[in-house]
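Me: I would like to go through the aromatic contacts of this model and see how each label follows from its value. Please set the values against the cut-offs as we go.

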Amino acid sequence: MSPAFPEISKIPYEGPSSKNPLAFKHYNPTEVVEGKTMADQLRFSVAYWHTFRAALSDPFGTGTAIRPWDDGSNRVENACNRARVAFEFIEKLGAPFYAFHDRDVAPEGVNLEESNRNLDAVVKVLKEEQQRTGIKLLWATANLFTHPRFLHGAATSPNADVFVYAAAQVKKALEAAHELGAEGYVFWGGREGYSTLWNTNIKRELDHLARFFHMAVDYKKAIGFKGPFYIEPKPREPTKHQYDSDAAACLNFLREYGLLEHFKLNLETNHATLAGHSMAHECEVAAAAGALGSIDANTGDELIGWDTDQFPTSIYLTTQVMLTVLKMGGFTTGGLNFDAKVRRESFEPVDLFYAHIGGMDTFARGLKIAAAIRADGRLAEMLKQRYTSWDSGIGASIEGGKEDFASLEKYALSQPDPVQHTSGRQELFENIVNELIC
Ligand code: XUL
Ligand code: CO
């Protein structure tokens with residue numbers, strides 16, 4: 001097969017002074033940061049659905065993408081050829097992982113049986129390419145939202161036959177993930193939500209979703225798939241309300257239905273902001289529950305307001321994300337998956353390289369700055385100081401579970417009433433962050 005990107009060779013690291021648009025300025029895969037190489041800290045992944053399947057259409061216009069290697073057909077041969085091109089791209093970029101939905105990599109057939117056969121054919125090529133290049137599968141997932149059969153949801157559909165079909169599809173996707181040695185498996189609740197409450201029984205739909213996940217856990221054990229499951233929160237789009245609306249809602253659902261030990265969260269920046277949160281908030285909520293599994297690294301547009309899935313360019317954003325990741329001891333099975341697409345106006349193949357290089361450099365800078373903030377130690381010390389009243393005396397006694405309301409009333413009456421507590425020093429915190437962002 002002749003190369004799809006003949007004029008592009010492996011993207012080198014050239015350092016911050018380089019002006020070469022096809023070189024990394026900050027992502028130096030072998031450079032060690034906090035005891036691990038950048039490659040191991042960041043675990044970059046290319047999202048198959050955006051980079052190799054997005055036609056770059058929007059609600060007002062058709063696709064603009066020029067992809068000379070793709071004949072635009074639904075033929076399995078075209079899918080296999082595209083898979084080989086994907087590996088040429090990922091190898092030249094130097095990303096160690098990729099991620100896919102079943103229906104991105106292989107076309108839907110006339111029925112489930114043919115769809116499964118198509119997937120088998122492409123998985124065979126993906127496996128060969130993984131072996132040839134050493135590139136690994138960060139996670140796989142099943143597309144349970146594009147086909148009209150899923151218009152009312154999949155596991156939360158009011159129609160039991162749709163639930164059955166979705167179960168069969170996830171079973172097959174899990175087998176593919178297992179065959180390809182995936183590090184994890186994602187559930188994004190594409191249409192698991194509602195458009196109007198008038199026609200919706202929330203309790204019943206949530207019970208069904210939990211039943212579905214329990215069956216998935218059982219099947220994962222049955223086939224010996226060891227990777228974690230992730231739920232990917234998103235509050236809306238395509239539905240008006242999605243059940244996995246944010247990290248806190250997902251954690252509550254998982255706890256309520258006894259699923260938390262089997263799941264972590266795959267957090268996405270643009271989903272966090274759609275939910276009215278910052279990505280840093282979502283990361284901290286998930287990490288506090290020991291459930292920050294993986295990240296869909298993208299960003300939204302602050303003025304457009306929908307899920308624009310842009311490549312991340314903000315160093316503040318990547319610094320905050322990497323601070324939480326370093327604090328939790330780094331990724332284990334998760335990583336930074338660029339669930340991001342080039343703009344409709346950026347339709348040439350080379351734009352795929354520019355986009356990923358930019359995202360990788362932005363995260364590499366975030367990693368280096370986060371490590372510098374931690375090495376500097378001032379922010380951590382100020383944060384610690386803010387809570388010192390809990391380190392000894394009555395605070396430590398409360399934390400140790402030794403007090404009750406009666407004992408606290410006795411203590412309060414024995415002391416002068418507390419006065420206005422120490423300053424929060426927000427501006428000083430912000431100044432130190434700015435001093436270290438460079
Ligand atoms: C949709 C989205 C999905 C999931 C996987 O907004 O983020 O691509 O990441 O289904
Ligand atoms: Co995503």
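Me: What makes Phe-187 count as buried?

Reply: In this predicted model, Phe-187 has a relative accessibility of 7%, and since buried means under 20%, Phe-187 counts as buried. Phe-213, at 3% relative accessibility, counts as buried by the same cut-off.

Me: Why is the aromatic pair of Phe-187 and Phe-213 called edge-to-face?

Reply: The centres of Phe-187 and Phe-213 are 4.9 Å apart, which is within the 6.5 Å required of a pair, and the angle of 70° between the planes is over 60 degrees, so the pair is edge-to-face. Phe-187 lies in strand S6 and Phe-213 in helix H7, so the pair ties together parts that are 26 residues apart in sequence. Both residues also belong to one aromatic cluster, whose members include Tyr-185 and Phe-263.

Me: The structure holds 26 aromatic pairs; why is the one formed by Phe-89 and Phe-353 called tilted?

Reply: The ring centres of Phe-89 and Phe-353 lie 4.5 Å apart with the planes at 55°, and because this angle is neither under 30 nor over 60 degrees, the pair is tilted. Phe-89 belongs to helix H3 and Phe-353 to helix H12, so the pair ties together parts that are 264 residues apart in sequence. Phe-89 and Phe-353 are both buried.

Me: Over which rings does Arg-149 sit?

Reply: The charged end of Arg-149 sits over the ring of Phe-150, at 5.8 Å from its centre, and Arg-149 also lies over the face of Tyr-165, at 4.0 Å from the ring centre.

Terms used: Residues numbered from 1 in each chain as written. Chains lettered and ligands numbered in written order. Predicted model: local features only at pLDDT ≥ 70, side-chain atom pairs only at ≥ 80, totals over all residues. Heavy atoms only, no water. Phe/Tyr/Trp six-rings, centres within 6.5 Å; stacked < 30°, edge-to-face > 60°. Helix = DSSP H or I, 4+ residues; strand = E, 2+ residues; numbered from the N terminus. Buried < 20%, exposed > 50% of the residue type's maximum accessible area, 1.4 Å probe, protein only. Lys NZ or Arg CZ within 6 Å of the ring centre and 35° of its normal.
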